[in-house]
Amino acid sequence: WVFAGGLADTGAATVIDNRGEQAVVTDGPFVESKEYLSVLWIWEAPDLDVALRLATEASRICDRKIEVRPFV
């Protein structure tokens, strides 16, 4: 699969941490760094609310924080 694109600026990031009893949602990037990428999931969602719900479930399942940014 070949594609080109990029992620929105880190200022558009929302971080979900659903490893505890309640999901914690914070604005801003997960890591303050020029370059950082562990895994990239691309979800097609009708709006940000749906994407954040998907990330909340993903955070619980994979036991990691999830940073959500629009794909531009």
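## A quick tour, starting at R19

R19 is partly exposed, with a relative accessible area of 43%. Keep in mind that you're looking at a predicted model. R19 is a handy way in, since it forms a salt bridge with D17. From there we'll look at the other salt bridge partners, a threonine in a strand, an arginine in a helix and a greasy patch on the surface.

**Salt bridges**

- How many salt bridges does the structure hold? The count is 2.
- In the pair made by R19 and D17, the closest N and O atoms sit 2.8 Å apart.
- The two partners get different labels: D17 is buried, because its relative accessible area of 17% falls under the 20% cut-off, while R19, at 43%, counts as partly exposed.
- R69 pairs up with E67 in a salt bridge, and here the closest N and O atoms are 2.8 Å apart.
- R69 is partly exposed, with a relative accessible area of 23%.
- E67 is partly exposed too, with a value of 28%.

**T14, tucked into a strand**

- You'll find T14 in strand β1, which covers residues 14-17.
- Is T14 buried or exposed? T14 has a relative accessible area of 7%, so it counts as buried, the label for anything under 20%.
- Leaving out residues up to four places away in sequence, T14 touches V25, T26, D27, G28, L52, I66, E67 and V68.
- One name in that list should ring a bell: E67 touches T14 and is also the salt bridge partner of R69.

**R53, out on a helix**

- R53 belongs to helix α1, which runs over residues 48-62.
- R53 is exposed, because its relative accessible area of 52% is over the 50% cut-off.
- How far apart are R53 and I16 in space, C-alpha to C-alpha? The distance is 9.3 Å, even though 37 residues separate R53 and I16 in sequence.

**A nonpolar patch on the surface**

- Which residues form the nonpolar patch? The members are W1, F3, L7, L40, I42 and F71.
- Together, these residues have about 660 Å² of accessible area.
- F3, one of the patch members, sits in the segment before β1.
- F3 is partly exposed, with a relative accessible area of 39%.

Methods
Residues numbered from 1 in each chain as written. Predicted model: local features only at pLDDT ≥ 70, side-chain atom pairs only at ≥ 80, totals over all residues. Heavy atoms only, no water. Helix = DSSP H or I, 4+ residues; strand = E, 2+ residues; numbered from the N terminus. Buried < 20%, exposed > 50% of the residue type's maximum accessible area, 1.4 Å probe, protein only. Contact = heavy atoms within 4.5 Å. Patch = residues over 30% accessible without salt bridge, like charges linked within 9 Å, V, L, I, M, F, W, Y side chains within 5 Å. Areas by Shrake-Rupley, 256 points an atom, 1.4 Å probe, with all protein chains shown as cover. Salt bridge = Lys/Arg side-chain N within 4 Å of Asp/Glu carboxyl O.
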